Structures are given as structure tokens and as C-alpha cells.
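Biologist: Could you walk me through this protein model, one step at a time? I am new to reading structures.

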Amino acid sequence: MTSEMPISPTRASTLSQNLTSVLSRISSASPTRTTPPRLVAVSKLKPANDIIALHAPPNSHLHFGENYLQELLQKASLLPREIRWHFIGALQTNKCRPLSEQVGNLWCVESVDTAKKADELDKGRGRLWEKEGEERWKGERLRICVQVNTSGETEKSGVEPGDAVSLCRHVREQCPRLRLLGLMTIGAIARSRGAVEGKENEDFVTLRDVRDGVVKELGMEESELELSMGMSEDFESAIRCGSDEVRVGSTIFGERPAKQDAKIKDEVDEAKN
């Protein structure tokens with residue numbers, strides 16, 4: 001299937017340069033860390049050809065993020081199973097079960113903000129285990145990030161900071177096929193733009209404080225609960241605040257098309273370009 005997707009050498013070169021630049025900036029922002037923060041390349045509304053260009057050697061990038069269920073289902077069916085998909089978009093409860101059941105290489109769902117969604121993801125993963133054989137998935141639970149609304153913006157999803165402990169406890173104690181990986185936030189970009197040199201974005205500080213409260217209440221080590229925060233415009237600031245994972249899209253892939261114009265697979269043969 002992947003052989004049927006032509007990749008423009010010019011486009012592949014541009015993507016590779018962009019990815020290398022972001023990875024370099026991540027490394028520069030985390031000079032004292034043994035392991036640099038994970039980079040999720042957010043490929044929503046971009047064709048599968050772009051993903052293949054970055055997944056193939058010499059880049060061999062593994063972690064890609066998608067926002068829409070149907071788009072992820074289509075891309076996952078076309079692309080190598082080695083890819084580690086992250087679902088990072090707003091998630092309806094009724095879409096949780098098919099998401100975790102139908103995408104076997106779904107590595108993490110980062111936008112869980114209710115116990116009901118966690119339960120449905122757990123059930124979907126259970127169905128997958130039944131179909132493919134539980135032994136195949138032994139020890140490989142679906143990773144979950146609890147999304148926290150740190151900015152208080154009504155249009156954004158996420159639990160209130162004070163409710164994060166109870167949801168994290170639910171995932172750990174009531175969802176045997178899920179693994180609580182960390183906390184995620186989409187901070188107010190104005191706060192990152194307005195943060196002066198030496199001052200931290202208050203949304204990132206809030207998520208860090210929430211993490212401290214969760215690990216204390218649940219008897220966890222700080223290293224057991226990751227922070228997923230930072231996007232194209234503020235990932236370096238997020239790393240300096242302790243982010244373990246950044247989600248970068250347009251800086252790697254360029255501006256996105258309108259949703260109605262997006263293509264799952266670019267059919268135009270640009271291999272000679």
C-alpha cells in the first residue's frame with residue numbers, strides 16, 4: 001500500500017529539513033536531559049505521503065498525531081503498523097470504542113477528560129485483544145493522557161485542574177487495559193506569546209502543579225506521570241517548564257488546508273519533481 005504513494009523528492013527534502021530543525025530545537029531547549037522530550041509530529045489534514053516521507057529512513061520518525069477519528073482510521077489502514085499513533089483531538093464518547101478497537105497501533109489517546117470516555121476506550125481495547133489474541137497484547141496497555149483545561153477557556157476540552165486526581169485514579173483503578181501515561185494541556189497561545197524572557201507560561205505551570213498533586217494523592221513517582229504540553233509556537237517554552245512531550249504540526253508540515261480540501265493520499269505522481 002505504501003508503495004502506491006508517490007513521494008516528491010522536493011517535498012520529502014523539505015519535510016526532513018523541518019523535522020531535523022525541530023528536533024535540534026528540542027535538544028537545545030533540554031540540554032541537561034538524558035532523554036529529550038518526545039516529538040509528536042501532528043499530521044492532521046496532511047496526506048499519508050507526508051507521513052511516509054518522515055517515517056522512512058533516514059528519519060525513521062515513529063510518533064504522529066491526528067485529530068479526527070475517520071482520518072486516523074483511513075491513514076492507519078494505509079500506513080505501516082510500526083507507526084505510533086497519538087489521538088490528540090476532541091473526542092466524543094461514542095467514538096472512543098471504535099478508536100481503540102480499530103487502530104491496533106494506537107499508542108496514546110491524549111484527550112481523555114471524562115471517566116465515561118476512559119471506560120469506552122478500555123472496552124474497545126478489550127475487543128481488540130479478543131479479536132487478535134490477548135497474548136499478543138500482553139503488557140501493552142493503551143496509553144492515556146488526561147486532558148486538563150489549564151486556561152479556563154470554555155471552548156477548550158479538559159477537566160478542571162481540581163478534578164484531575166479523581167479521573168487519573170479512575171483510569172488507574174477501573175480501566176485494566178489502559179495505562180495512565182500523563183497529563184495534557186492546550187494552553188492559551190496568547191499566554192505563550194505574552195510570556196517575557198525568564199517568565200513561564202502560567203498554563204504550563206498549572207499543569208506541572210496538577211501533576212505534583214496527582215502523584216502525591218495517588219502515591220506515584222513524578223517520573224511515572226508525563227507532561228504533554230507545547231505546540232509549534234511554544235514548544236521550547238513548554239520544554240523549559242518540564243514538558244516530556246511536544247506536539248508540533250505546522251512547523252514541520254506547513255500550513256494546513258481547509259478540512260474539506262484535505263486529502264488522505266496524494267494521488268498526483270510527483271516522483272519526478
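Modeller: Here are a few questions and answers about the strands, the core and one residue.

Modeller: This is a predicted model, where local features need pLDDT of at least 70, side-chain atom pairs count only at pLDDT 80 or more, and totals for chains, interfaces and linings use all residues. Residues are numbered from 1 along each chain as its sequence is written, and side-chain values use heavy atoms, with hydrogens and water left out.

Biologist: How do strands β2 and β3 run, and how many bridges join them?

Modeller: Strands are DSSP runs of E with at least two residues, helices are runs of H or I with at least four, and both are numbered from the N terminus. Two strands pair if DSSP finds at least two bridges between them. Here β2 covers residues 63–66 and β3 residues 84–87, with Gly 65 opposite His 86. The two strands run parallel, and the number of bridges is four.

Biologist: Which helix joins β3 and β4 in a right-handed β-α-β unit?

Modeller: Right-handed means that, with the strands pointing away from the viewer, the path from the first strand over the helix to the second runs clockwise. β3 and β4 (residues 106–112) run parallel and share three bridges, and Trp 85 stands opposite Leu 106. The helix of their unit, residues 93–102, is α4.

Biologist: Which residues have the most contacts inside the largest nonpolar core?

Modeller: A nonpolar core is a set of buried Ala, Val, Leu, Ile, Met, Phe, Trp, Tyr and Cys residues joined through side-chain atoms within 4.5 Å. Buried means under 20% relative accessible area, exposed over 50%, and partly exposed in between, using a 1.4 Å probe and protein chains only. The largest core has 65 residues, and those with the most contacts inside it are Trp 85, Leu 99 and Val 109.

Biologist: Which helix gives the largest share of this core?

Modeller: The share in question is six residues. They come from the helix at residues 202–218, which is α8.

Biologist: Is Glu 66 buried or exposed?

Modeller: Glu 66 lies in strand β2. It touches residues including Lys 44, Trp 85 and His 86, where contact means heavy atoms within 4.5 Å. Because its relative accessibility is 0%, Glu 66 counts as buried.

Biologist: Which side chain makes a polar contact with the side chain of Glu 66?

Modeller: A polar contact is a pair of N or O atoms within 3.5 Å; within protein, one must be able to donate a hydrogen and the other to accept it, and residues adjacent in sequence count only if both atoms are side-chain atoms. At 2.7 Å, the partner of Glu 66 is the side chain of Ser 43.

Conventions: Lists of a residue's contacts leave out its neighbours within four places in sequence.
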